[in-house]
Amino acid sequence: MAEAETELQTLNDRLGDADALPSDIRGYHRRTKHAPTRYALGPAFLDWTSQPSPFRRFDGAPRIELPLRDREETAPFPGPALRPAPLDRMALGLFLELGFGISAWKSYEGSTWALRNNPSSGNLHPTETYLLANAAEGLDECAALYHYAQEDHALEQRAIFETPLVLPEGGFVLGLSSVPWRESWKYGERAFRYCQLDVGHAIAAAAQAGAALGWRAHLLCEPGDADIAALLGLDRTDAAHRREEEHPDALLWIAADGRAPPAIDVSILIRASRTWTGAANRLSDDHDGWPLVDRAARLCVKPRTPKLEPVSRVAPKPAFPFPLPDIGRVVRRRRSAQRMDGIARLSHEAFCAMLTSTLPGAEPCLAPFPWPPRLNLLLFVHRVEGVEPGLYLLQRDAETTARLREMSALALLWTPIEIGPLKLFRLRRGAVEREASMNACRQAIAGKGCFAVAMIADFDRTLQEDGGFGYRRLHWEAGAIGQALYLWASAIGLSGTGIGCFFDDEIHAMLGLSPEQYAFQDVYHFTVGAALEDPRMLTLPAYPEEMRERT
């Protein structure tokens, strides 16, 4: 009897440990891994009555309607425009629409939903967008903080300063935040990962939108989360319902003059006198708590950090044999494919250009990042002209790749290959469609495209350097790589799809890594191919015709 009680107590201890919230972000990552025999904890069913609204609004805030310029031709993709556009309401209308606006509405069996130019996991859109700008033509007479309302393509004045100038001239600050409840409603504990991937997509979307105007985006690495929350008003009681909290993510300097970012003291901006207006709408009538998502956010808080020295890096430019569509057309027709045809082949030139666009510092999507690269790409090549089907690793950082190879039990099988400016290693010859699909949570789309990608992060090293914030930084880099692939797929007439559901340790095994190691971890998947459209689904215009009459 005593032995049975002891065994029962030991079992209860183990179960208690399994249910306990992790004490660090490594524990969160480990607990939220998917595997062939188990998935990370999520809702048992989707409660459609509590589905969060994808649109944040600030009731009572003065509004500035933005012009809709979606029928104007922009610079050829990927840009940039030859001359920077002046910073005014007209230019901001195009920038915000291309970066974060609605691209179309879809309708099926009585349900209608919006698609946006910045993609999102499950089309749930946890990312919110803010803009801090000096007085400018078509804006307020004093500097102000605005929230971008996508549905109405308008700026909501969140706070107004007492002076026309609070920032250095030549640009403005773009602020990004996340509402985790929008993701956890559907994805449960893994939602924090997806919020961070969406931030990476948003950073790259802003960079591409800026390129259409001849502007450049720069991530500001010094401000901490507390600084960002205070600057954007996220720490105020009127900023959100208590169960719909917005977490601060990032600040970017958008240089309208094309110059390097100036010194910006966020603490001075926070202390400056300003008047707040508006109160956030409620996104859901009811909420289910996901304590692990809240815990992950607390484990990843970014403190204020010193300014990084600029990284000297010259990224090769993607070469393509014929002109591509203009940026506006590429951005607005980008879609997340639901199915691939399994037939289309990708040209050698397109494959090379797409991968070149993901290299560190590549304009425009990867250029905003001030940190050294920490991701390499595991490629499942299915149908690419001039490239033998198989498993490859694209080297984005030589030092990281060398350490990964040293840890791999399959190191002797790594065969160096060069394709244009790309340095790859072939790990396996032959078809890998089945492996791509099986390890993307059995989703056929990963094997039916032209190629698929698993993004392998230099995990422990980054967390040792940056603490919990390093986890967010890795996912931002992955999201930006995904956005580059999305846009290039759209430019050449194909489609892409980000895949957040994958079997983490099965991918590590394909690299010859043990499941116990945490030096390298899989953080995101992606696939590119020819989409199969659903003829039952109706596509509606992004905005009403009368919006184009705004001047």
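Is Asp466 buried, partly exposed or exposed? I looked up its relative accessibility, found 27%, and so noted Asp466 as partly exposed. The model is a predicted one, which I keep in mind for every entry below.

**Entry: the partner of Asp466**

I followed the side chain of Asp466 to Arg473, where the two meet in a salt bridge with 2.5 Å from N to O. Arg473 has a relative accessible area of 3%. The cut-off for buried is under 20%, so I put Arg473 down as buried.

**Entry: other salt bridges**

I looked up the total and found 36 salt bridges in the structure. One of them joins Asp152 and Arg63, whose closest N and O atoms are 2.9 Å apart. This pair links distant parts of the chain, with the two positions 89 residues apart in sequence. I located Asp152 in the loop between strand 6 (144-149) and strand 7 (154-161). Arg63 lies in strand 2, which covers residues 63-65. For Arg63 I noted a relative accessible area of 36%, so Arg63 is partly exposed.

I then turned to Arg548 and Glu545, whose side chains form a salt bridge at 2.9 Å, N to O. Arg548 is partly exposed at 23% relative accessibility. Glu545 is also partly exposed, at 43%. Which residues are joined into one network by salt bridges that share partners? I listed Arg374, Glu399, Arg403, Asp458, Arg461, Glu465, Asp466 and Arg473. The pair from my opening entry, Asp466 and Arg473, is therefore part of this network.

**Entry: Ile456**

I found Ile456 in strand 17, residues 451-458. Its relative accessibility is 1%, so Ile456 counts as buried. What does Ile456 touch, leaving out residues up to four places away in sequence? I wrote down Arg374, Leu375, Asn376, Leu378, Ile507, Leu511, Phe520, Gln521 and Asp522. Arg374, one of these contacts, is also a member of the salt-bridge network. I checked Thr401 as well: Ile456 and Thr401 are 55 residues apart in sequence and 10.0 Å apart in space, from C-alpha to C-alpha.

**Entry: Asn439**

I placed Asn439 in the loop between helix 12 (433-438) and helix 13 (445-448). Is Asn439 buried or exposed? With 10% relative accessibility, Asn439 counts as buried because the limit is under 20%. Setting aside residues up to four places away in sequence, I noted that Asn439 touches Phe502, Phe503, Glu506, Ile507, Met510 and His525. Ile507 is among the contacts of Asn439 and among those of Ile456.

**Entry: the whole chain**

I went on to the overall values. The protein chain holds 16 helices and 20 strands. For its 551 residues, a compact globule would have a radius of gyration near 24 Å; I found 23 Å, which agrees. Along the principal axes, the C-alpha atoms fill a box of roughly 70 × 70 × 55 Å.

How much of the chain is made up of buried residues? I noted 59% of the 551 residues. The accessible surface comes to about 22500 Å², and 52% of it belongs to carbon and sulfur atoms.

I also looked up contacts between residues at least 6 apart in sequence, and 81% of them join residues at least 24 apart. Last, I looked up the charges: the chain has 60 positive and 71 negative ones, and their mean positions are 4 Å apart.

Definitions and conventions: Residues numbered from 1 in each chain as written. Predicted model: local features only at pLDDT ≥ 70, side-chain atom pairs only at ≥ 80, totals over all residues. Heavy atoms only, no water. Helix = DSSP H or I, 4+ residues; strand = E, 2+ residues; numbered from the N terminus. Rg over C-alpha atoms; globule rule 2.2 N^0.38 Å. Buried < 20%, exposed > 50% of the residue type's maximum accessible area, 1.4 Å probe, protein only. Contact = heavy atoms within 4.5 Å. Areas by Shrake-Rupley, 256 points an atom, 1.4 Å probe, with all protein chains shown as cover. Lys, Arg positive; Asp, Glu negative; His and termini not counted. Charge placed at Lys NZ, Arg CZ, Asp CG, Glu CD. Salt bridge = Lys/Arg side-chain N within 4 Å of Asp/Glu carboxyl O.
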